[in-house]
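User: I'm new to this one. Could you walk me through how some of its parts meet?

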Amino acid sequence: MAQKLFSEAKLGNLTLQNHIVMAPMTRNRATADHIPTDIMATYYAQRASVGLIITEGVGPSPNGEGYARIPGIHNAAQIAGWKKVTEAVHAKGGKIFAQIMHTGRVSHSIHLSENAEVVAPSAVAAAGEIYTDTEGMKPFPTPRALTTEEVKQTVQEYVTAAKNAIEAGFDGVEIHGANGYLIDQFISPNTNQRTDEYGGSFENRSRFLLEVAEAAGQAIGLDKVGVRVSPYGVFNDIKPFDDVDQTFTYIAQKLNEIGIVYLHLVDHTSMGAPIVPDTIVSAIREAYKGTLILSGGYDAERAETVLESGLADLVAFGRPLIANPDFVERLQSGSELNQPDFSTFYTPGEKGFIDYPVLEEVNR
């Protein structure tokens, strides 16, 4: 029986109910103009028994809201919507961080407000297509490359979003540097062909992430800032590159120097992505001394093992939490898990979002 997994954990100045983290997962339940909805408050509150909830990716600016119905956090209506979420989670005794995600080139103008545009480190389109509510599947557009000054302005968009998150009642923020979105587009040489201080060497390609993390930490407190990265990730047409180990070891070292509260390391091997070698996980663990969150296909037994080994301080679970609002209770009791309905992962409305049964309902 897992012991450490279900025991209290510390994260900066927070005490978590357990070592279980709800991984950030895009659910597309905001309004068409990216305002959080009341059912989102219900959804997160249902899952407040985990140690820490990390929300779905939240757009820091109009340019960063590239998907249909993803929430933002850059205007008053969005902040008001998120206040309902944080209040509902805190009322249940939970802790919640907002994941700040700028989609960059993974976007379409159909989803953006009138004066927003698809931007990225370089004018390199992603392969494939993106879903739109009004016109179905559309090819990814070629983004406009940000100027050096605009890159610096975009750093400040993350900072403002972090401040807005605290205003909305969040316990902190996670900077999304993974999965092929804007920060990952800077890190990867196939999407970053810049010749200024943000391109070229791995140090320069890492600069945008490090500036965002440091500036956000200065604005809201480093104990309230985490970062998510995905070495060896290929999501959203990110290509493998030669100095990946050196790059992410360097990022871990620099984030350790900055002093952020956690580093969240993603391994999507269980979903068909390339294997993340043990060597890079160990190198990151050695370089970064704060709280390390590992995620990727864990069950209770494997999570307990990695916690006991000291390789991870917290373990994040994703898809099982979509279908099991009482996930912690089910793990503790050894109860069977509900299976998620993949057809409703990204659809609007309550179905497949807040209507999964809990144990009490099953056992009636």
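Analyst: Happy to start with a helix pair: V151, T154, V155, Y158, V159, A162, K163 and I166 in α3 meet F208, E211, V212, A215, A216, A219 and I220 in α5. Contact here is heavy atoms within 4.5 Å, and helices are DSSP runs (H or I, at least four residues) numbered from the N terminus, with strands (E) needing at least two. This is a predicted model, where local features need pLDDT of at least 70, side-chain atom pairs count only at pLDDT 80 or more, and totals for chains, interfaces and linings use all residues. Residues are numbered from 1 along each chain as its sequence is written, and side-chain values use heavy atoms, leaving out hydrogens and water.

User: How many residues in the contact of α3 with α5 are nonpolar?

Analyst: Ala, Val, Leu, Ile, Met, Phe, Trp, Tyr, Cys and Pro count as nonpolar, Asp, Glu, Lys and Arg as charged, and the others, Gly among them, as polar. On that basis the contact has two charged residues, one polar and 12 nonpolar.

User: Which residue meets R69 in a salt bridge?

Analyst: A salt bridge needs a side-chain nitrogen of Lys or Arg within 4 Å of a carboxyl oxygen of Asp or Glu. R69 has such a pairing at 2.8 Å, N to O, and its partner is D133.

User: Is R69 buried or exposed?

Analyst: Buried means under 20% relative accessible area, exposed over 50%, and partly exposed in between (1.4 Å probe, protein chains only). R69 has a relative accessible area of 9%, so R69 is buried.
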